[in-house]
Amino acid sequence: MRVVSLVPSLTEAVAAGAPGLLVGVTDWCSHPAGLDAVRIGGTKNPDVARIIALAPDLVIANEEENRAADLAALTAAGLDVLVTEVRTLPQAFTELERVLVDGCGLVRPGWLDAAERAWAGVRPGPERTAIVPIWRRPWMVLGHDTFAGDLLARLGVHNVYAGHTERYPRIGIDELNAAGADLVVLPDEPYRFTPDDGPEAFPGLPAALVDGRRLTWYGPSLAEAPAVLGAALRGNL
């Protein structure tokens, strides 16, 4: 079977058990390192013609990460495009099985069972109220109905902007600092927040610097995400 993946986390999920299936992946597919597959551009600007030329049996995509116009063009070319929707942890588990088992014909992987067990055993820590920036210049934060927000909620972190009408609203820094949060959660992707780039903008708040892959990717990293994220958050109690 020949598979093109337009989603970094789904690339990692397929490659964990069957890297040979992947004939094309995006420039942002960083895991696993050294993957032997053609790079077909970014998630938002894939080279549609190159994907068609690879003649894949299946293209795996995501309704948030990929543009509808690109997916429509691939479908119009006669390719089988499996589009996932992942906005909650249960959705992630369901969609991962759909991609791996139904789409790629693989046996359900052990890491998926391990991830479900790990999250089923989560006991939320002390409740925190947080803002969760994902970009700066301009500042953007997690809003409503996001996968990362769902994971944080399961760990006891309430997103101040969970009720915002937008999923990733742009909020000015003065408003962010006046939002009533007692914590700022700073992931290292998509914007790479670091100890020297991010916390200084929130002088009145403790900052939890977290692994963005564990917070936003749905794949093998989900098995260790509760422990890794929990440790980062507990470090700022």
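1. Contact here means heavy atoms within 4.5 Å. The structure under review is a predicted model. On that criterion, Thr43 touches Leu6, Pro8, Thr26, Trp28, Glu65, Asn66 and Arg67, with residues up to four places away in sequence left out of the count. Thr43 belongs to the loop between strand E3 (38-39) and helix H2 (48-53). With a relative accessible area of 12%, Thr43 is buried, since the cut-off for that term is under 20%.

2. One of the two sheets to be discussed is an open sheet of five strands, in the order E3-E2-E1-E4-E5, and its pairing is parallel. At its edges stand E3 and strand E5 (81-84); each has a single partner strand, so one side of each lacks a neighbour in the sheet. Strand E4 (residues 58-62) and E5 run parallel and are joined by four bridges. Within E5, Leu82 is the bridge partner of Ile60.

3. Helix H1 packs on this five-stranded sheet, where it touches strand E1 (3-5), strand E2 (22-25), E4 and E5. The direction of H1 makes about 165° with that of E2. Eight of the eight residues of H1 (residues 8-15) are buried, so this helix is largely enclosed by the rest of the structure. The buried residues are Pro8, Ser9, Leu10, Thr11, Glu12, Ala13, Val14 and Ala15. Pro8 of H1 also appears in the list of residues touched by Thr43.

4. Helix H4 lies across E4 and E5 and runs at about 160° to E5. Two helix partners of H4 deserve separate comment, and they are taken in turn below.

5. H4 packs with helix H5 (residues 110-120) at an angle of about 170°, the axes being 11 Å apart. H4 and H5 are therefore roughly antiparallel to each other, as the limit for that description is an angle over 145 degrees. From H4, the residues in this contact are Leu89, Phe93, Leu96, Glu97 and Leu100, and they meet Trp111, Leu112, Ala115, Glu116 and Trp119 of H5. By class, the contact comprises eight nonpolar, no polar and two charged residues.

6. Between H4 and helix H6 (residues 147-154), the axes come within 9 Å and cross at roughly 120°. H4 and H6 are therefore oblique to each other. Leu89, Pro90 and Ala92 of H4 make this contact with Phe147, Asp150, Leu151 and Arg154 of H6. In terms of residue class, there are five nonpolar, no polar and two charged residues in it. Leu89 takes part in the contact of H4 with H6 and also in that of H4 with H5.

7. The largest nonpolar core has 49 residues, of which Trp119, Tyr218 and Leu222 touch the most other members. The element that gives the most to this core is H4 (residues 89-103), with six residues. Leu222 touches Leu89, Ala92, Phe93, Leu96, Ala115, Trp119, Phe147, Leu151 and Trp217, again not counting residues up to four places away in sequence. Among these, Leu89, Phe93 and Leu96 are H4 residues that meet H5, while Ala115 and Trp119 are on the H5 side of that contact. Phe147 and Leu151, also touched by Leu222, are H6 residues in contact with H4. Apart from this core lies another, of 14 residues, including Trp139, Val184, Ala201 and Phe202.

8. Four strands form a further open sheet, ordered E9-E6-E10-E11, and the pairing is parallel. Its edge strands are strand E9 (157-159) and strand E11 (207-210), each of which pairs on one side only. Neighbouring strands of this sheet are turned by 40° against each other on average, with direction ignored.

9. Strand E6 (residues 128-131) is joined to E9 by three bridges, and these two strands run parallel. Arg128 stands opposite Val157 in E9. Two bridges join E6 to strand E10 (residues 183-187), again in a parallel arrangement. The bridge partner of Ile131 in E10 is Val184, a residue that is also a member of the 14-residue core.

10. Helix H9 (residues 225-234) lies across E6, E9, E10 and E11. Its course relative to E11 is at about 155°.

Methods
Residues are numbered from 1 along each chain as its sequence is written. This is a predicted model: local features need pLDDT of at least 70, side-chain atom pairs count only at pLDDT 80 or more; totals for chains, interfaces and linings use all residues. Side-chain values use heavy atoms; hydrogens and water are left out. A nonpolar core is a set of buried Ala, Val, Leu, Ile, Met, Phe, Trp, Tyr and Cys residues joined through side-chain atoms within 4.5 Å. Buried means under 20% relative accessible area, exposed over 50%, partly exposed in between (1.4 Å probe, protein chains only). Axes are lines fitted to C-alpha atoms, for helices over the stretch in contact, and angles run from 0 to 180 degrees between N-to-C directions. Angles under 35 degrees count as roughly parallel, over 145 as roughly antiparallel, 65 to 115 as roughly perpendicular and the rest as oblique. Ala, Val, Leu, Ile, Met, Phe, Trp, Tyr, Cys and Pro count as nonpolar, Asp, Glu, Lys and Arg as charged, and the others, Gly among them, as polar. Two strands pair if DSSP finds at least two bridges between them.
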